[in-house]
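Hi,

Here is the structure I said I would pass on. Have a look at it, and then read on for what I found in it.

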Amino acid sequence: MWPVRQPRCRFGHCSQPLGSYRSPAAGSPLPHRPIRLDDLELASGLKARVLQLAFLRHLGRTPRQWILDRRLDAARDRLADPQSDRTVTSVALECGFTRPSSFTKAYKARFGELPRATVRRRRRLRDV
């Protein structure tokens, strides 16, 4: 049986940690619009397939999964902010989700609670 080879970048770019990608504006994961796969390609200088192999190798997930996680993390931060009065729908739209139902489903899968539960907790903390 032949040994399994790990996918490697033939250009040598894979030595950089891919999880450290930041968008240009103040290190915020979502400054003015959600991160797209094209943004990652441009920032890394890698083609889509090489980028996908590098993500799988270093992070154990595809670039799209990583982007979804960043969007959901940003949404949770915005929903949990005690100084904010944002609604779940407005946060979903800000973070690039066009359908609130798909946002709710992804949010619950990632965090184990509905977005409205995060909002309720935020309101309780603010009222205390």
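Before you start clicking on residues, one cut-off to keep in mind: a residue is called buried when its relative accessible area is under 20%, exposed when it is over 50%, and partly exposed in between. R116 shows how that works: its relative accessibility is 48%, so it counts as partly exposed.

Please remember that this is a predicted model. The mean pLDDT of the chain is 78, and 73% of the residues reach 70 or more. Residues 1-31 are the stretch to be careful with, as their pLDDT is below 50. In the model this stretch has 36 contacts beyond near neighbours in sequence.

**The overall picture**

The chain has 6 helices and 0 strands, so to describe its order from the N terminus you just write α-α-α-α-α-α. Of its 128 residues, 30% are buried. Take the contacts with a separation of 6 or more: 58% of them join residues that are 24 or more positions apart. The accessible surface comes to about 8700 Å², and carbon and sulfur atoms hold 52% of that.

**The cores**

Which residues make up the largest nonpolar core? There are 12 of them: L72, A74, A75, L79, V91, A92, C95, F97, F103, A106, Y107 and V119. Two or more residues each come from α3, α4 (88-94) and α5 (100-111), and α3 gives the most, with 4 residues. As background, nonpolar side chains tend to be buried together in soluble globular proteins.

F103 is a good place to start looking at this core. Setting aside neighbours within four places in sequence, F103 is in contact with L72, A75, L79, V88, A92, F97 and P115. Another core lies apart from the largest one; it has 9 residues, among them L40, L46, V50 and L51.

For contrast, try L93 in helix α4. With a relative accessible area of 52%, L93 is exposed, because the cut-off is over 50%. The C-alpha atoms of L93 and F103 are 9.0 Å apart, with the two positions 10 residues apart in sequence numbering.

**Helix α1**

Which residues of α1 (residues 37-44) are buried? They are L37, D39 and L40. These residues sit on the same side of α1, because the arc they cover around the axis is only 155 degrees. Their cover includes α2 (48-59) and α3 (63-80).

S44 also belongs to α1, and at a relative accessible area of 22% S44 is partly exposed. Its side chain turns up in two polar contacts with the backbone. In one, a polar atom of the S44 side chain lies 2.8 Å from the backbone oxygen of L40. In the other, the S44 side chain reaches the backbone oxygen of E41 at 3.4 Å. After α1 comes G45, which has a positive phi, near 75 degrees.

**Helix α6 and what it meets**

Is T118 buried or exposed? T118, in helix α6 (residues 115-127), is buried, because its relative accessibility is 1%. Its side chain makes a polar contact of 2.7 Å with the side chain of Y107, and Y107 is one of the residues in the largest core. Beyond neighbours within four places in sequence, T118 is in contact with R76, L79, A80, Y107 and E113.

R116, the residue from the opening example, is in α6 as well. R116 and T87 are 29 residues apart in sequence, while their C-alpha atoms are 8.7 Å apart in space.

Finally, look at P82, in the loop between α3 and α4. P82 is partly exposed, with a relative accessible area of 35%. Where does P82 find contacts outside its neighbours within four places in sequence? They are with R122 and R126. From P82 to R126 the sequence separation is 44 residues, and the C-alpha to C-alpha distance is 5.7 Å.

That is what I have for now. Enjoy looking around!

Best wishes

Definitions and conventions:
Residues are numbered from 1 along each chain as its sequence is written. This is a predicted model: local features need pLDDT of at least 70, side-chain atom pairs count only at pLDDT 80 or more; totals for chains, interfaces and linings use all residues. Side-chain values use heavy atoms; hydrogens and water are left out. pLDDT is the predictor's confidence in each residue, from 0 to 100. Contact means heavy atoms within 4.5 Å. Buried means under 20% relative accessible area, exposed over 50%, partly exposed in between (1.4 Å probe, protein chains only). A polar contact is a pair of N or O atoms within 3.5 Å; within protein, one must be able to donate a hydrogen and the other to accept it, and residues adjacent in sequence count only if both atoms are side-chain atoms. The arc is that of the directions from the helix axis to the C-beta atoms. A nonpolar core is a set of buried Ala, Val, Leu, Ile, Met, Phe, Trp, Tyr and Cys residues joined through side-chain atoms within 4.5 Å. Accessible areas come from the Shrake-Rupley method with a 1.4 Å probe; for residues, only the protein chains shown count as cover.
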